[in-house]
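Student: Could you take a close look at one part of this model with me? I would like to hear about its ring contacts.

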Amino acid sequence: METQAEFRRSSRAIGWQVAAVCAGLVLLGAGLALAYMFWQTRPAEVNGPPEPGSVRIFLDPADLVLGGVVVGLGAIVCAGAAAWLIARRAVRPLEEAARIQQRFVADASHELRTPLAVLNARVQQLALLTPAGDPRREVLDALREDAGIMSGIVDDMLAAATGTAPQRGSCALAEVMNAAAADMALLAEGRGVRIATSPLSREVALPAADLRRCLVALIDNAVDHAPADSTVSVAAVAERAVARIAVADSGSGITGIDPARVFDRFAHGSPVAGSMSTGSAGGMSGPRTRFGIGLALVAELAERHGGAVRVARTGPGGTVFELVVPFADEGADR
């Protein structure tokens, strides 16, 4: 597993660092000892009259140097081995915790695949029973698409837990931007917030499901922090070989936390006055005080496909998140 290999690399790095410090201390001590011995073997000390009752021992300087080198190397090797063993023992609980977490994510993802497959099958069956001209068909098609997205998220969780390489692909940026905005339109309308998109007709180098998850999370965060009767803007521009997608709200900005830390899992900020998060029953559950794991997953997905996400601007006039994704085609502006 990739995580276990990372723990082993960390323990080796700690061992090497401790060994290097020990080596420096051993060399310093050996150098001082040899310097004192050579100072005591000056001609004035050697040729001077012996004091009564004193015993003189004559050593070859070459033997002193050789002995110091052998003792120093032995001490360095012993210190390095001890440091490596201690580091391995220190990271073992963390490695076990990571293994348990990966097993839980893998088991949960595996168990969710079956009910999601049943849900997809029932949605498709219901679609077959619904006439094409039925006004409920549009909602049904959206429900089927949402179920497919949920299945993709579960598959991504399982792939991440098992260390599988991320799926590569490309998608039309404008199409995914509009779809993400449509996904959040119903929630935004319930809060009196509008979503305006300014798409870019280009292909980007990541799967549509991953890009859609990133945009939905950023738009959801913007809607939650936007005041009523305001607009959340989602605009994309081309810059050399990448597309820069800015998601902007006109809220009160990020407070109570360093903007760079909003991408940490379960990062908390100060409550936003007048900003209410939507509850599971469609009601309002109180002031939103945290950013949760949504933005952390956005950062991971973007980095996995060679992109990035950052807080471009925040303040009393609102916050702008910028998602950077590479173009898939060769015609990117240079």
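How many aromatic pairs does the structure hold?

Tutor: Happy to help! A word on the ground rules: this is a predicted model, where local features need pLDDT of at least 70, side-chain atom pairs count only at pLDDT 80 or more, and totals for chains, interfaces and linings use all residues. Residues are numbered from 1 along each chain as its sequence is written, and side-chain values use heavy atoms, with hydrogens and water left out.

The structure holds 1 aromatic pair (rings of Phe, Tyr or Trp, the latter by its six-membered ring, with centres within 6.5 Å; planes under 30 degrees apart are stacked, over 60 edge-to-face, the rest tilted). The partners are Phe263 and Phe321: their ring centres lie 6.0 Å apart with the planes at 90 degrees, so the pair is edge-to-face. Phe263 sits in the loop between strand S5 (242-248) and strand S6 (267-268), while Phe321 belongs to strand S11 (residues 318-326), so the contact ties together parts 58 residues apart in sequence. Strands here are DSSP runs of E with at least two residues, numbered from the N terminus, and helices are runs of H or I with at least four.

Both partners can be placed by accessibility (buried is under 20% relative accessible area, exposed over 50%, partly exposed in between, with a 1.4 Å probe and protein chains only). Phe263 is buried at 15%, and Phe321 is buried at 2%.

Another ring contact involves a charge: Arg202 lies over the face of Phe327, 4.1 Å from the ring centre (NZ of Lys or CZ of Arg within 6 Å of the centre and within 35 degrees of the ring normal).
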